[in-house]
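Subject: The structure we talked about

Hi,

Here is the structure I promised to pass on. Have a look at it first, and my notes follow below.

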Amino acid sequence: MRKYTFIGPILLILIWAVAAKLQLVDKFFLPDPFTTIGKLVQLLGSGAIIGDLVSTLERVILAFIIALVIGLPLGLLLGRTEKIYRSVEFIIDFFRSTPATALFPLFLLVFGITDKSKIAVAAFASMLIIIFNTAYGVMHAKKSRVLAAQIMGATKAQIFRWILFWESLPQTFIGLRSAISLSLVIIVVTEMFIGTTSGLGRKIIVSQITYEIPTMYATILLAGIVGYLLNLLFLAAEKRFLHWSGK
Amino acid sequence: MSTAISVQNLKKSFNNTEVFRDFSVGVEQGKITTIFGPNGSGKSTLLNILSGIVAKDGGSFQIENFDHFQFSYIFQNYRESLLPWRTNFENVALPLEIQNKSKQGIQQRVEELQKLFEFKFNWEGYPYELSGGQQQILAFIRALVTNPKVLFIDEPFSALDYENNLRLREHLQKYFLAFKPTILLVTHNIEEAVHLAQKIVVFSQRPTTVLEVIDNPLSYPRTVQSLKVEQFHQVKDKVLSVFQKAANL
């Protein structure tokens, strides 16, 4: 089935090229794909965009790590005691449903116009997703395995460490994958609106303001590639560590 | 003969369906006892109540010197009780890890059982790579690795083809002769029930009572040949007659 993977993208680029060629859209607003890709290659080759790429990646990874370090243990803890989870479920669901972007002003007040506030917003939103998925995974563990361990005389701690933790992993990984994607989205958006000197988001907004349209498209393309590769990385990790999932 | 498990006046209902009203039974120590009876007569429920998974509504029961570390229960859905993230060896080791046994001790015990069961496993592989029959054997070895004094088995052979079924019966007997645990086995297969047991307890329909406890005096090990002898047929016919009345056939 692998050979089918490229049909869609090739078709999209073809339509894009035809639309540009026939001038269906003003060339100024939509450069043809070869100009755009050429621009991206040039930006990467000259190193002009590397600084922005690194800044964005640093923020995304930092936000994700903070979310992971706080969210994972909290999720496990909450999932283990359903009563506690039920009592904070509303708060988690509420903030999970609140657009993270609506929280910018609040985080700006607390952290100022710094990198910290960008990372904090992204980490906060990602953390909620990790907490929710991890807790859900623990709570919905298969009862038969827990029963088996109970009959063997396992203590609560042993059941948690050897059964529940593992049972929760597939759901936890879904949470991690969503969290890294969300971190990227939020970081890029904050880079556009919270003052900074580097980052893909800033590059996009600056090239839009200065009408460097090919650069804008090239940067959007790069942000897309980064998001896709991060997703791919997590899928590969899942395949490696959760080879047993669903079996 | 001393009694290993005794049940007095047990009561249990599920949503207004009365399974046990005033149920009493005794299970002798160091013997294989099988429970045979119609569908829904509470065979598995009895094992679940005795092992503490399901709460009773009334009555009482005792298991002599009950200790979780010397008790094993092989579920009917054994597949869902194996841990797919652990290798086959780690699965078998789990009960001993729970008891904080040393790695060496675990290794030794597993090798001992492997010899007895004459099965070659890829110990570094995972349960999901095994066939249903091999998974069942893995669940058996995991249950026996603690050297239990009391062993519950629920429909142990239902997922196996006849050939592997007979083979596993042979291994179970070997284990029984070597370690003499008290085995309580639930089955809806009359041949299994008679082939393995010294005592066959026949259940009635709900609310369940013990219709009769039938002895099978044939000596162990009982081979495939034992299935053909006159005495086997006599016991089996007796069980069938009691069952026939119970199931209104």
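What radius of gyration would a compact globule of 249 residues have, and what does chain B have? The expected figure is near 18 Å, and chain B comes out at 18 Å, so the two agree. Please keep in mind throughout that this is a predicted model.

Some more on chain B. Its C-alpha trace spans about 50 × 45 × 35 Å along the principal axes. Seven helices and nine strands make up its secondary structure. Of its 249 residues, 41% count as buried. If you take the contacts in chain B with a separation of 6 or more, 76% of them are between residues 24 or more positions apart.

Next, where the chains meet. On this interface, 14 residues of chain A are in contact with 17 residues of chain B. Two helices of chain A, helix 7 (143-151) and helix 8 (156-193), each supply at least two residues of the side that touches chain B. Helix 7 of chain A gives the most, with five residues. Sorted by class, that side of chain A has eight nonpolar, three polar and three charged residues.

Finally, a helix to look at in chain A: helix 6, residues 115-139. At 1.5 Å a residue, its 25 residues should span 36 Å, and its end C-alpha atoms are indeed 36 Å apart, so the expectation holds. Helix 6 of chain A is also mostly covered, with 21 of its 25 residues buried.

Enjoy exploring it, and write back with any questions.

Best wishes

Notes. Residues are numbered from 1 along each chain as its sequence is written. Chains are lettered from A and ligands numbered from 1 in the order in which they are written. This is a predicted model: local features need pLDDT of at least 70, side-chain atom pairs count only at pLDDT 80 or more; totals for chains, interfaces and linings use all residues. Two residues are in contact if their C-beta atoms, placed from the backbone, lie within 7 Å. Helices (H or I, at least four residues) and strands (E, at least two) are DSSP runs, numbered from the N terminus. Ala, Val, Leu, Ile, Met, Phe, Trp, Tyr, Cys and Pro count as nonpolar, Asp, Glu, Lys and Arg as charged, and the others, Gly among them, as polar. The radius of gyration is taken over C-alpha atoms; the globule rule is 2.2 Å times the number of residues to the power 0.38. A residue is buried if 20 or more other C-beta atoms lie within 10 Å of its own, exposed if 12 or fewer, and partly exposed in between; C-beta atoms are placed from the backbone. The expected span of a helix is 1.5 Å times one less than its number of residues.
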